[in-house]
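Visitor: I would like a close look at one part of this model, the pairing of its strands. Could you take me through it slowly?

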Amino acid sequence: MDNSASDHILTLADGRQLGYAIYGDPAGVPVLNCHGGLMSRSDVALADADARELGVCIHSPDRPGVGLSSRWPGHNTAQWVGDARELLDHAGVQRF
């Protein structure tokens, strides 16, 4: 799979950039992938075909300072929830 076709950047309300990818069926049941450690939005790229087959749409954002996302000095993981919410709001996802 060519990941470049699924790479996107969302400018957040505070001006930072949030890199993310969409895998699977764009009209499928939304799933939020929260990568850990030093992984990135691409960690589930190999699941794209399976996600399509299962009818799910995986929204996979980069955490701050990883991949295409801006750094966010002094942040903590709990604060990242707001970034994820902005991404899902942008995508029109109300339930995931």
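Which residue in E2 does isoleucine 9 stand opposite?

Guide: Happy to. The partner of isoleucine 9 is glycine 19 in E2, and that pair is a good door into the sheet. The model is predicted: local features need pLDDT of at least 70, side-chain atom pairs count only at pLDDT 80 or more, and totals for chains, interfaces and linings use all residues. Residues are numbered from 1 along each chain as its sequence is written, and side-chain values rest on heavy atoms, without hydrogens and water.

Let us begin with the strands on either side of your pair. E1 covers residues 7-11, while E2 takes in residues 17-24. Helices and strands here are DSSP runs numbered from the N terminus, with at least four residues for a helix (H or I) and at least two for a strand (E). E1 and E2 run antiparallel and are joined by five bridges; two strands pair if DSSP finds at least two bridges between them. Besides the pair you asked about, threonine 11 faces glutamine 17 in E2. The two strands make a hairpin with five residues between them, and in its turn glycine 15 has a positive phi of about 95°.

Just ahead of E1 sits serine 6, in the segment before that strand. Serine 6 counts as buried because its relative accessibility is 4%, where buried is under 20% relative accessible area, exposed over 50% and partly exposed in between (1.4 Å probe, protein chains only). Its C-alpha atom is 16 Å from that of histidine 35, and 29 residues separate serine 6 and histidine 35 along the chain.

Now follow E2 across to its other partner. E2 also pairs with E4, residues 56-61, in the antiparallel sense and again over five bridges. Six of the eight residues of E2 are buried, so the rest of the structure largely encloses this strand.

Alanine 21 is a handy residue to zoom in on, since it belongs to E2 and stands opposite serine 60 in E4. Its relative accessible area is 0%, so alanine 21 is buried. Leaving aside residues up to four places away in sequence, alanine 21 touches Ser6, Asp7, His8, Arg41, Ile58, His59 and Ser60; a contact means heavy atoms within 4.5 Å. Serine 6, the buried residue met before E1, is thus one of the neighbours of alanine 21. Valine 44 lies 23 residues from alanine 21 in sequence, with 9.4 Å between their C-alpha atoms.

E4 itself deserves a pause. Six of its six residues are buried, so E4 is largely enclosed by the rest of the structure. In a regular strand the side chains alternate between the two faces of the sheet. In E4 both faces are covered: Val56, Ile58 and Ser60 are buried on one side, and Cys57, His59 and Pro61 on the other.

The remaining strand, E3 (residues 29-32), joins E4 through four bridges, and this pair runs parallel. Within it, valine 31 stands opposite isoleucine 58 in E4. Isoleucine 58 also appears among the residues that alanine 21 touches.

For contrast, step out to the loop between E4 and helix H2 (80-90), which holds proline 73. Proline 73 counts as exposed because its relative accessibility is 67%. Its C-alpha atom is 11 Å from that of arginine 16, although proline 73 and arginine 16 are 57 residues apart along the chain.

Finally, the setting of all this. The chain holds two helices and four strands, in the order β-β-β-α-β-α. Its radius of gyration is 13 Å, close to the 12 Å that the globule rule gives for 96 residues, so the chain is as compact as a globular protein of that length; the radius is taken over C-alpha atoms, and the rule is 2.2 Å times the number of residues to the power 0.38. The C-alpha trace spans about 40 × 25 × 20 Å along its principal axes. Of the 96 residues, 39% count as buried. Among contacts between residues at least 6 apart in sequence, 61% join residues at least 24 apart.
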